[in-house]
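Here are a few exercises to work through with the model open in your viewer. Try each task before you read its solution.

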Amino acid sequence: MTRIATFNVNGVNGRLPVLLKWLGETSYDVVCLQELKTSDDKFPIEAIRGAGYGAVWHGQKSYNGVAILARGRDPVERRRGLPGDPDDTHSRYLEAEIGNLVVGCIYLPNGNPAPGSKFDYKLHWFERLATYSKSLLGERTVLCGDYNVVPTEIDAVAPARWLGDAVFFPESRKAYARMLTLGWVDAVRRIHPGKGIYTYWNFSYRGGYDRSSGLRMDHLLVSPSIAETIRAAGVDVETRGWEKPSDHAPAWIDVG
């Protein structure tokens, strides 16, 4: 059994105590992190190694950034950045091999305010991802991360409050749906087809978090050869209530 998790940490150095506590209380074999918000040289590799993980990372000062962690071994990097736009310098995609598994870590653009140039960039990035992903469908591949897309109404506690947000725009949802038509399988939905499951909540000015703002934006898409081996899936919701947490909680799957 291989346990795979994805977690938008919202600043890997600022949230390092949360990350290390979570790693110490779980036993995930593969962990994808997004929104590192740090340059490559400031990535806390020694602390992560101390938690028992090897890592590869693709940082960017103050913004974006992705990393792939493997318990007890070093991931073998295969690609950083998506093809299709040589002028795109954002650190949003990283790919590595871990044993017989190919892992793509994704931090898809948010796209707000929409419509506008940022939303156009989001859709163009999504199209690049879809096009490139076809080359990975034949391998044992997991494409996981913060997709900044709420695929359906069941993926929001209160869908109406998000109608003007890029994460819920029809174009964003269609782009996500296209990934599924290519053959990718939404692993969490495979296990929980009709359940409201959420991975993100707004911060509350009173402390804690606003449970009515729940969204599912963090996804694990798996190739067909992995889809039939999914054993379990869920979200570590309790991390959202820890001290100085991220606004996301980790989503995870178990595969054979």
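**Exercise 1.** Find the strands that helix H1 lies across, and its angle to E1.

*Solution.* Keep in mind that this is a predicted model. Start at helix H1, residues 16-25, and look at what it packs over: the helix lies across strand E1 (2-8), E2, E3 and E4. Next, compare directions: H1 runs at about 165 degrees to E1.

**Exercise 2.** Work out the strand order of the open sheet with 6 strands, and name its edge strands.

*Solution.* Walk across the sheet and you get E3-E4-E2-E1-E12-E11, with mixed pairing. The edges are strand E3 (53-58) and strand E11 (230-235), each of which pairs on one side only. As for twist, neighbouring strands here are turned by 15 degrees against each other on average, ignoring direction.

Now zoom in on one pair. Strand E2 (residues 30-34) and strand E4 (residues 66-71) are antiparallel and share 5 bridges. To get your register, use Val30, whose bridge partner in E4 is Ala70.

**Exercise 3.** Place Trp252: which strand is it in, is it buried or exposed, and what does it touch?

*Solution.* First, the strand: Trp252 belongs to E12, residues 251-255. Second, the burial: its relative accessibility is 14%, so Trp252 counts as buried, the cut-off being under 20%.

Third, the neighbours. Leaving out residues up to four places away in sequence, Trp252 touches Arg3, Ile4, Ala5, Tyr28, Leu220, Ala232, Ala233, Gly234, Val235 and Asp236. Take Arg3 from that list: it sits 249 residues from Trp252 along the chain, yet their C-alpha atoms are 7.1 Å apart. Then take Asp236, whose side chain makes a polar contact of 3.2 Å with the side chain of Trp252.

**Exercise 4.** Describe strand E8: how many of its residues are buried, and how does E8 pair with E7 and with E10?

*Solution.* Begin with burial: E8 covers residues 141-146, and 6 of its 6 residues are buried.

Go on to E7. Strand E7 (residues 101-107) runs parallel to E8, joined by 6 bridges. Tyr107 is opposite Asp146 in E8. Tracing the chain from E7 to E8 takes you through helix H3 (residues 117-133), and this β-α-β crossover is right-handed.

Finish with E10. Strand E10 (residues 218-222) is antiparallel to E8, with 5 bridges between them. Here the pair to look for is Leu143 opposite Leu221 in E10. Put together, E8 pairs parallel with E7 and antiparallel with E10.

Definitions and conventions
Residues are numbered from 1 along each chain as its sequence is written. This is a predicted model: local features need pLDDT of at least 70, side-chain atom pairs count only at pLDDT 80 or more; totals for chains, interfaces and linings use all residues. Side-chain values use heavy atoms; hydrogens and water are left out. Helices (H or I, at least four residues) and strands (E, at least two) are DSSP runs, numbered from the N terminus. Buried means under 20% relative accessible area, exposed over 50%, partly exposed in between (1.4 Å probe, protein chains only). Contact means heavy atoms within 4.5 Å. A polar contact is a pair of N or O atoms within 3.5 Å; within protein, one must be able to donate a hydrogen and the other to accept it, and residues adjacent in sequence count only if both atoms are side-chain atoms. Two strands pair if DSSP finds at least two bridges between them. A crossover is right-handed if, with the strands pointing away from the viewer, the path from the first strand over the helix to the second runs clockwise. Axes are lines fitted to C-alpha atoms, for helices over the stretch in contact, and angles run from 0 to 180 degrees between N-to-C directions.
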